[in-house]
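Q: I have a model open and want to learn to read its features. Where do we start?

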Amino acid sequence: MNTHVAGAAGAMFLVGTLAAVSGVIADYPVYGGQALRYALATVILLAVARARGLGLVRLRQREWALLAALSLTGLVLFNVCVVEATRAAGPALPGIVLGTVPLALALVGPIFTGTRPSPRVVAAGLVVAAGASLATGAGSGNLPGLLWSLGALVCELCFSLLALPLLPLIGPLRLSAWTAALAVPFLLVAGLALDGRHVLRAPTAAEAGGLVYLALVVTTVAFFLWYRSLPRLGADRAGLFAGMIPVGALATAALLGIAVPSAADLAGAALVISGIALGLRSPSPRRPARRPARQPARRPALRPALRPARPAAAPRAASLASREGTTR
């Protein structure tokens, strides 16, 4: 459990560090840059999968459709919604809406898997969402920005929920590689539609460094850690760690000297950590209670025979008793 807790926390923290490189690639075409990021991540992930001896897995048509839906919503449309929400209302509004991911997964995750939400995890999701919103900061918004932000929230839920039935089939490494590979043509089509022929250009040295960081750290490492931890923790508990995204952004900004965290930022981070600790104390509803070991039935005490047994029956009774001792 501790390994998967650390993996989920590390994954969302690394996702939060992308704020540190957002300024470096701000002038690069958004959708073309995301396509390059996922293309490079695909090459790295497939190389690692081959080195580990992981071959192709034959999927059925329904599973390919689910994989395409995961890539289209969790990667492509999520990026589109965040970009458009930021253009419409600034970065604060989508940050606040995405801060509700822990609460949304605490409510929707168990329902998606056929169980009931845990009251403790829901309460923890409220605490984490409040802390993430406080750490993100309040800002002015508008209706288009809110609608795009809600779209990003739905896509973020799909990123985890649609992966659950696929992970037992292909594992976290291949799932990360294949979703990234499918995202590349989707993003190029979106870029051609919105940016035209300017969808791609040669990056500067700083932009190339930023894109490599996004591909290697924020995509390759973070995706693998998240998908490895998700099925073990469950969508509701794992969702609590989405609150680590603004914590990662604050820590990276402070480390690089971009910004000094305010008292509200630190208070929000403390709320996030407290909410995660509260949620992890809840027993997992997906693990059935362990059945007590079956005790062998006690044989009733033999009553004194009213008349002596026939000598021929003794070997047969011993044989039956011997066979009964070897069955369950």
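A: With one helix and its two charged side chains. Note that this is a predicted model. Arg 87 and Glu 84 both sit in helix H4, which covers residues 61-89. They are three residues apart, about one turn of the helix.

Q: What do the side chains of Arg 87 and Glu 84 meet in?
A: The general test is a Lys or Arg side-chain nitrogen within 4 Å of an Asp or Glu carboxyl oxygen. Here the N to O distance is 3.1 Å, and the pair forms a salt bridge.

Q: How many salt bridges does this rule give?
A: The count is three. Arg 60 pairs with Glu 63, with the closest N and O atoms 3.2 Å apart. Glu 207 pairs with Arg 201, and there the closest N and O atoms are 2.8 Å apart.

Q: Is Glu 84 buried or exposed?
A: Read the relative accessible area. Under 20% is buried, over 50% is exposed, and in between is partly exposed. Glu 84 has 17% relative accessibility, so it counts as buried. Its partner Arg 87 is exposed, at 53%.

Q: And Glu 63: buried or exposed?
A: Glu 63 is buried, with a relative accessible area of 8%. Arg 60 is exposed, at 60%.

Q: Which class do Glu 207 and Arg 201 fall into?
A: Glu 207 counts as buried, at 5% relative accessibility. Arg 201 is partly exposed, with a relative accessible area of 35%.

Q: Now helix shape. How far apart are the end C-alpha atoms of helix H9?
A: Compare the end-to-end distance with that of a straight helix. H9 runs over residues 167-195 and has 29 residues. Its end C-alpha atoms are only 35 Å apart. A straight helix would reach 42 Å at 1.5 Å a residue.

Q: Where does H9 bend?
A: Look along the helix for a change in axis direction. H9 bends by about 75° at Arg 174.

Q: What comes just after H9?
A: Check the backbone torsion there. Gly 196 has a positive phi of about 65°.

Q: At what angle do the axes of H6 and H8 cross?
A: Take the distance and the angle together. Helix H6 spans residues 101-112, and helix H8 spans residues 143-161. Their axes come within 11 Å and cross at roughly 50°.

Q: Why are H6 and H8 called oblique to each other?
A: Under 35 degrees is roughly parallel, and 65 to 115 is roughly perpendicular. The crossing angle is roughly 50°, so H6 and H8 are oblique to each other.

Q: Which hand does the crossing of H6 and H8 have?
A: The crossing of H6 and H8 is right-handed.

Note on methods. Residues numbered from 1 in each chain as written. Predicted model: local features only at pLDDT ≥ 70, side-chain atom pairs only at ≥ 80, totals over all residues. Heavy atoms only, no water. Buried < 20%, exposed > 50% of the residue type's maximum accessible area, 1.4 Å probe, protein only. Helix = DSSP H or I, 4+ residues; strand = E, 2+ residues; numbered from the N terminus. Expected span 1.5 Å × (residues − 1). Bend = angle between axes of the 7 residues up to and from the residue. Axes fitted to C-alpha atoms, helices over the stretch in contact; angles between N-to-C directions. Parallel < 35°, antiparallel > 145°, perpendicular 65-115°, else oblique. Left-handed = near helix turned anticlockwise from the far one by under 90°.
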